[in-house]
Amino acid sequence: MTSQLRRRTSIDGAGVTWAVGAFVASLLIGLLVEPFRGTIGLENVVILYLLVVVAAAAVGGRAAGIVAAVSAALAYDFFLTTPYHTLVIDSLAQVITVALLVATGVAASIGGRVRRRSAAAAEAHADAIRVLHRISEVAAAGGAVDRVAAKGLQRLLGARRVSVLRRSPAGFAATVDVGETQAPLDLEALTHLDREGRIPPGHHRVLDGTMVLPLEGVALDLVAREQPIGYLVVIPGRDAPADRTSRLAVAALANQVAVAATEQSQR
């Protein structure tokens, strides 16, 4: 989930490859079309450039798409607008064409990102439902719900660490602790979410328009029959998304762990 929904704040390896490829493709189109610029319809050339931009945006991401759009516009200007082989344009119509080429390329880049984000979110939500269903099955069979929940959350959120703490006369003891378990857990340093997984005011972090989990980690009360019995602790991977569905899934998992613990103790 994290790898699919994490926001790009800079161009990554695949984006660099597609950005460079789009730049080279823009130059090649200009070089190949230049001998025929007097006879070929320039609208057909614009379509070729737009195809390069759309491909770069769809696969390489928004930054690669924007680089491709600028490269396409500059190549079109250099090879196909008068005066040739300069970045000067002496025709208003050609200025408009170049401007529209950049604008359309940027719009395609942003639109492609939105579509990828929606698809990734839908897949992440389906993953959350699968984890909840698996925990229900294990609970019904009397299995180790704590470990299934911890492993499921670790995969779901790309978490560095997930722990289930149970209250005991001596304090809190971890029944399950998966991931990077070397450092001691400090419950006071964690952000405590409410029963619906909401992050309290003052602890919100937003990255590129999306809420992310606090880096120090979060804890949810395990409550069964209105009695607190422990905590579910999640130490997220870097900038793990925390949309409403994800937070509700975490809250639902905490609730199922608490209910299963109570039922098992009564058997």
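**Exercise 1. Which residues is Arg161 in contact with, leaving aside its neighbours within four places in sequence?**

Before we solve it, some ground rules. You're looking at a predicted model, where local features need pLDDT of at least 70 and side-chain atom pairs count only at pLDDT 80 or more, while totals for chains, interfaces and linings use all residues. Residues are numbered from 1 along each chain as its sequence is written, and side-chain values use heavy atoms, with hydrogens and water left out.

*Step 1.* Find Arg161 in strand β1. Strands here are DSSP runs of E with at least two residues, helices are runs of H or I with at least four, and both are numbered from the N terminus.

*Step 2.* Look for contacts, meaning heavy atoms within 4.5 Å. Your list for Arg161 should read Asp177, Val178, Gly179, Glu180, Thr181, Ala183, Pro184, Leu185, Val233, Val234 and Ile235.

*Step 3.* Now zoom in on Ala183: the side chain of Arg161 reaches its backbone oxygen at 2.5 Å. That's a polar contact, a pair of N or O atoms within 3.5 Å; within protein, one must be able to donate a hydrogen and the other to accept it, and residues adjacent in sequence count only if both atoms are side-chain atoms.

**Exercise 2. Is Arg161 buried or exposed?**

*Step 1.* Get the cut-offs straight: buried means under 20% relative accessible area, exposed means over 50%, and partly exposed is in between (1.4 Å probe, protein chains only).

*Step 2.* Arg161 has a relative accessible area of 7%, so this residue is buried.

*Step 3.* Try another charged-looking spot, Asp77 in helix α4. With 5%, Asp77 is buried, and the contacts of Asp77 beyond four places in sequence are Thr86, Leu87, Val88, Ile89 and Val98.

**Exercise 3. In what order do the 5 strands of the open sheet stand?**

*Step 1.* Pair the strands up; two of them pair if DSSP finds at least two bridges between them. For example, 3 bridges join β3 to β6 (residues 218-224), and these two run parallel. Within that pair, Leu193 stands opposite Leu220.

*Step 2.* Put the pairs together and you get β2-β1-β7-β6-β3, with mixed pairing.

*Step 3.* Check the ends: β2 (171-179) and β3 (191-193) each have a single partner strand, so one side of each is left without a neighbour in the sheet.

*Step 4.* Add a helix: α6 (residues 145-157) lies across β1 (161-168), β2 and β7 (227-235), at about 50° to β2. For such angles, axes are lines fitted to C-alpha atoms, for helices over the stretch in contact, and angles run from 0 to 180 degrees between N-to-C directions.

**Exercise 4. Why does the pair Tyr49 and Tyr76 count as edge-to-face?**

*Step 1.* Recall the rule: rings of Phe, Tyr and Trp (its six-membered ring) pair if their centres lie within 6.5 Å; planes under 30 degrees apart are stacked, over 60 edge-to-face, and the rest tilted.

*Step 2.* The ring centres of Tyr49 and Tyr76 are 6.3 Å apart and the planes are at 80°, so edge-to-face it is.

*Step 3.* Place the residues: Tyr49 is in helix α3 (residues 42-60) and Tyr76 in helix α4 (residues 62-80), so the pair ties together parts 27 residues apart in sequence. Both Tyr49 and Tyr76 are buried.

*Step 4.* Compare Phe172 and Tyr231, with centres 5.1 Å apart and planes at 55°, so this pair is tilted. Phe172 sits in β2 and Tyr231 in β7, 59 residues apart.
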